[in-house]
Structures are given as structure tokens and as C-alpha cells.
Amino acid sequence: MKITNICCIGAGYVGGPTMAVIAQKCPHIKVTVVDLNEQRIAKWNDADVENIPVYEPGLSNIVAQSRGKNLFFSTEVDKAIEEAQLIFISVNTPTKTYGSGKGMAADLKYIELCARQIARVSKDNKIVVEKSTLPVRTAEAIKNILDHTGNGVQFQILSNPEFLAEGTAVDDLLNPDRVLIGGDTTPEGQNAIQSLVEVYSNWVPKERILTTNIWSSELSKLTANAFLAQRVSSINALSELCEKTGADVSEVAKAIGMDSRIGSKFLKASVGFGGSCFQKDILNLVYISKSFGLHEVADYWEQVIIMNDHQKRRFAKNIIKTLYNTVSGKKIAFLGWSFKKDTNDTRESAAIYVADDLISEQANIAVFDPKVEEKQILNDLNTLESRTDEKNAKGIQTYNNAYEACSNAHAIAVLTEWDEFKTYDWQKIYDGMLKPAFVFDGRNLLDKNKLEKIGFVYQAIGS
Ligand code: NAD
Ligand code: UDX
């Protein structure tokens, strides 16, 4: 089937950028991104394209090129489903917060709702594509719902997981290492795969488009995230050993990364990984392994998360210990709140957990992040079981610039590796702080020699 009309359900960090790139590269295809969240859709349609809800370098340009021509954002979900030949499901799949599998399994209620809606609305044959990250064998459940509640039309289910990383989404989408498409081995399944291969072929070289059976595709996505997160936890585990032994984790990372079998990427020690994917997807892998009785497999992967939690807690504990075992009433400036640079996404950011620990010790946290709004920061803390609005109001304040956030502070904690932090006038920041002035660099971002020369007491991770 030659695709000319695509619908994507879910206008989030994946659905928005992915569809914007498909629309730009395939001007012959009408792409409609739909969402239940009216406010989000209104932002995607904002006359000022800089106000789109997802901050990604280069994204607003791409949206501006296609929006209103062949790229549309809408809340009319039924209409978009009905008109489309191919439907991407790109809704959120968070960790369950209730019932069986609480805290571990993926919550598939949004996926099921989409499947039921597609079944109800569709009047002709459609290809349904899992873009969301899903537990292996979810396609079976989707197919069951579509086949048993639909209007007798034929559905083909494909798995096409997304590998973009936030902050580099546009580049990742334009030049993907690979595009993975899994489908049924039947002739109909293979035809559906080919239809999607043709869409991507408009800009992705054929040799980078990998086709597999559907279960391999689903499992590969969970596995890729687990392997990446495992590298971060491995280097973070070593960072603690480096601090005890006089080794320097950056030097160790460079030395091991130059072995071409290991490779240099994803070896940056940090305050801990965040983001909406790593923890959720590993927990999901752990849950699936447990449900098959594979307890050793489950324990192996769970350790990646245990190490990450330890790293975040360790960072907060070290601040308290260094500030003479008390942070009560002390102002501690946070540079950065997002889970990595070049994104306004804060989901599972290490900053949230470090702030929580320090507020519990009665510190006053002063946050500056170039892209995250105050409302979001308070919301992040409020979702923690340990927090209430009343407590937060006392413990945290946000600032519009870093110099004010750091003024009269006892210490600075660098939580996100925003490039602009490196360009600040650090002498001016030092002059405005209480002495001794501490910097706890959770991203090993700043120049140790320069800061120590100014007079800061500087501590990096892993040295
Ligand atoms: P998100 O929360 O930013 O966006 C999901 C959107 O889906 C929300 O706007 C929500 O309102 C909407 N939605 C939920 N149910 C709906 C329904 N029934 N009808 C219409 N809209 C509905 O999530 P995201 O970060 O874009 O992630 C989406 C999926 O992609 C997840 O499964 C995630 O694991 C996966 N993924 C995310 C990333 C990433 O970097 N964020 C990368 C690869 C894969
Ligand atoms: C990840 C995967 O990289 C991507 O392929 C997948 O599609 C979604 O999940 P994302 O979570 O957006 O992407 O960002 P990523 O660059 O992987 O960073 C995740 C976290 O790990 C961040 O908090 C980052 O700061 C941290 N990290 C990463 C480190 O601490 N050290 C590193 O060396 C690399």
C-alpha cells in the first residue's frame, strides 16, 4: 500500500518530533498528530513556533516548514484515525503506580484505549504501528482487541520502536543509526512492513532499515535502553571507587573507551541517569523476566537501577557531609533541573531526588534552569510521596538567572550539563557567595583548575 495519510496518536516528546521529520521528508504524505491534551495541541499550533511544547534544538524550524501544509496537530482523534492508512501509537507507557506489577510493569491502559478507539472508528483496512516502547508480546494484545472489537476490517500490527534521545532528537531522526521494523511473517505482514519501509526510505538509506519479526523488535528496544543505562551505572559504580583510591574516573573512562571493543560513548560519570525511558524500561525488563521465573536475569538488570539510586543519594549525602554535616537553613543553588542538556523534559531527573533529600534536611534550594518552568519544578517535587505543596513552598525557589540563584548561597550543585554554565563569569558568582564557596559538579562540566584558582572548593564526581 502506498502511504499518503498518516495519523499519530500522542503529541509528546516522541510523536511530535518524529512526525515533524516524516512530514518534512515526505511532502506527499499528510501527517496528523492527535492528542487528548488540548493545551499541548494548542502549544503545537501556537502562532509563535518557539512556543511548541517540546524544546529540541532545530525542531521549531522543522515544524515551521511543514505545519499547515502537510503537518497538522489536532484533538480530533476519531477523524484522524478514520482518514489514515497508517496509525502510529505514540502514547506514554509509564511504570504502573497501582495494583499488580506496581512500581515495575508498564501501564498499558493508554495503549489499550488507543486500540479500542482505532477498532471502533476504522471503516477500512489499516496498518497500526507501535511507536511507544512496549513489553514484548504487546502486539498480540493489540491484535486481539482490534480483531474482536473492530468493524470487520483487517489490521496489520507493526513494531517500530523509536531510538531518538532527547536533546538530539532532530539529528537522531534525520540520521538514525538504524530504523527497526518488526511485523508478521505472513505475506500481509510483509506487505505492511514494506509500506513503512517506503516511508522511511524517503531519507534513510535502505541498509539502515532493519526488518525483523515483531517480538524481536519489541524486545530490542527494551534491551537497547538497558544496555545504555548499564554503561552509565557501570561508570558511576567506578566513580565511587575512584574517589576512594585516587584514580580519576574521566581518565579511566578515556582509557577503557579507547578499546574499540568497549567504545567511548556513554561512559560519562554523573549524578545518575534520568529521563522517562531508562528506569521505566529496565523495570519492565525485570518484570517480564520475573514473570517467566527468570529471577537471576531479573536481579542482574535490577542492579543497574539500584546503582543509579545509590549514585543520586550519595551525591546529596556528600553535599551534607561537606557542608559540616548540616544544610539546615543554607541556600544551595542548583544549576539545571532537566534530566540532560538541550531538553525541557524533567522526568526522573536526578535533580528531583537530590532536591528531595536536601529539603528533608531543611536546606533552601535555589534553582535555575534555562528551559524548565517553575510550575514544572514544583510539580516534579509534588509527585514524590514525601512532598506536599506546603513543604515545597518552604524548601525551593526558582530564579530567572544563575547569578541571582547563586547569590548568598553556601554551595552550588551542577545537576545538568547545559553548555551555557561553562561560559558564566565565575569570579562574579564567587564574589556573590558565602565563603567558603563550594561547587559540587554532578556532571563534571566545569574547569576544576579555573574554579580552584578563583577560590572555590570544587568537587567532581569520581576524583
Ligand atoms: P509523552 O508523555 O511526552 O507523550 C505521550 C502523549 O500521549 C501525551 O501528550 C498524552 O496526552 C497522549 N495520550 C495518551 N493517551 C492518549 C490517547 N488515548 N489518545 C490521544 N493521546 C493520548 O511521552 P513520550 O516521551 O513521547 O513517549 C511516548 C512513548 O515513546 C513511550 O512509550 C516511551 O517509552 C517511548 N519513547 C520515548 C522516548 C523519549 O526520549 N521520550 C524515546 C523513545 C521511545
Ligand atoms: C534514551 C536512549 O538514549 C534513546 O535511544 C531512547 O530512545 C530513549 O532513552 P534519553 O533518555 O532521551 O534517551 O537520553 P540519553 O542521552 O540516553 O540520557 C539518559 C540519561 O543518562 C541522562 O540523564 C544522561 O545525562 C545520562 N547519561 C548519559 C550519563 O549520565 N552518562 C552518559 O555517559 C550518558
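Is the crossing of H1 and H3 left-handed or right-handed? In this predicted model, the two helices cross in a left-handed sense. H1 covers residues 15-25 and H3 covers residues 59-66, and their axes sit 9 Å apart at an angle of about 50°. Angles that fall outside the parallel, antiparallel and perpendicular ranges count as oblique, and H1 and H3 are therefore oblique to each other. On the H1 side, the contact is made by Pro17, Ala20, Val21, Ala23 and Gln24, which meet Leu59, Ile62, Val63, Gln65 and Ser66 of H3. Sorted by class, that contact comes out as 7 nonpolar and 3 polar residues, with no charged ones.

Turning to the ligands, ligand 1 has 25 residues around it, and Asp35, Arg40, Thr93, Glu166 and Lys280 come nearest. Two of these names turn up again in the polar contacts. A side-chain N or O atom of Glu166 lies 2.6 Å from a nitrogen atom of the ligand, while Lys280 places a side-chain N or O atom 2.5 Å from a ligand oxygen. The backbone joins in too: a polar backbone atom of Tyr13 is 3.0 Å from an oxygen atom of ligand 1.

Ligand 2 is surrounded by 20 residues, with Phe163, Leu164, Lys221, Ser270 and Arg443 coming nearest. Here, polar backbone atoms pair with ligand oxygen at Glu162, at 3.3 Å, and at Gly274, at 2.9 Å. A side chain contributes as well, since an N or O atom in that of Lys340 is 2.8 Å from an oxygen atom of ligand 2.

How values were computed:
Residues numbered from 1 in each chain as written. Chains lettered and ligands numbered in written order. Predicted model: local features only at pLDDT ≥ 70, side-chain atom pairs only at ≥ 80, totals over all residues. Heavy atoms only, no water. Axes fitted to C-alpha atoms, helices over the stretch in contact; angles between N-to-C directions. Helix = DSSP H or I, 4+ residues; strand = E, 2+ residues; numbered from the N terminus. Parallel < 35°, antiparallel > 145°, perpendicular 65-115°, else oblique. Left-handed = near helix turned anticlockwise from the far one by under 90°. Contact = heavy atoms within 4.5 Å. Nonpolar A, V, L, I, M, F, W, Y, C, P; charged D, E, K, R; others polar. Near = heavy atom within 4 Å. Polar contact = N/O pair within 3.5 Å; in protein donor to acceptor, adjacent residues only side chain to side chain.
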